[in-house]
Amino acid sequence: MSDPVLERRSIRKYTDKPVPDELVEKLLRAGMSAPSSGNERPWHFVVIRDRAILDAVSSFHPYARMINKAPLAILVCGDESLERSKGFWAEDCAAATENILIEAQELGLGSVWLGLHPRGFRVRKMRELIPGMPEHVVPFALLPVGYPAEVKRPSNRYDETRVHHDRW
Ligand SMILES: Cc1cc2nc3c(=O)[nH]c(=O)nc-3n(C[C@H](O)[C@H](O)[C@H](O)COP(=O)(O)O)c2cc1C
């Protein structure tokens, strides 16, 4: 039986096939279904299809060259002003990010987590690229999305030495 959690891999090569809006909405729905501290959901998502914005990312992000071939990307952002009890926005955004990656695998799409937060330079440059993005919103992770042009096998990373039962 297929298991999208175990089968998810970082996909960095994409075909030119456009990704339908319905699938993008499914990815966003998956992101917004993530657990969050106090169910506060302190996130925003920017769907980026503008080629000029996508291409500009690799000018400041050292590990993002694949985005030049992706038909779109989802920018996961944190908004501390939406938190009542402060401090967990990044964990919440990480959960949303992982949900999107798993849903992409499930839908036959490919994606990869491009780290932004907590690298201040990347966060600033990414915010500058999105017209109107407020200063208090933090670009957290960028996820290029497309139909995969590479096949990756699941990787078995189960490591018994990292498991402890009742004592260290
Ligand atoms: C916080 C974080 C930041 C990452 N940043 C990048 C990145 O900038 N560029 C990239 O190609 N992959 C990035 N990755 C993907 C990892 O390299 C990848 O998840 C890891 O090598 C394991 O491979 P897999 O995703 O195929 O299982 C990042 C992953 C995480 C969780």
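Visitor: How do you know that helix 4 is close to its expected length from first C-alpha to last?

Guide: Helix 4 has 18 residues and reaches 26 Å, close to the 26 Å expected at 1.5 Å a residue; the expected span is 1.5 Å times one less than the number of residues. Helices here are DSSP runs of H or I with at least four residues, and strands are E runs of at least two, numbered from the N terminus. Mind you, this is a predicted model: local features need pLDDT of at least 70, side-chain atom pairs count only at pLDDT 80 or more, and totals for chains, interfaces and linings use all residues. Numbering starts from 1 along each chain as its sequence is written.

Visitor: Why is proline 35 called exposed?

Guide: Exposed means 12 or fewer other C-beta atoms within 10 Å of a residue's own, buried means 20 or more, and partly exposed is in between, with C-beta atoms placed from the backbone. Proline 35 has 11, so it is exposed. Look for proline 35 in the loop between helix 2 (21-32) and strand 1.

Visitor: And what makes up the largest nonpolar core?

Guide: A nonpolar core is a set of buried Ala, Val, Leu, Ile, Met, Phe, Trp, Tyr and Cys residues joined through C-beta atoms within 7 Å. The largest one has 35 residues, with Val76 and Leu143 among those with the most contacts inside it. Strand 5 gives the largest share, 7 residues.

Visitor: Which residues of helix 4 are buried?

Guide: Among them are Trp89, Cys93, Ala96 and Leu101.
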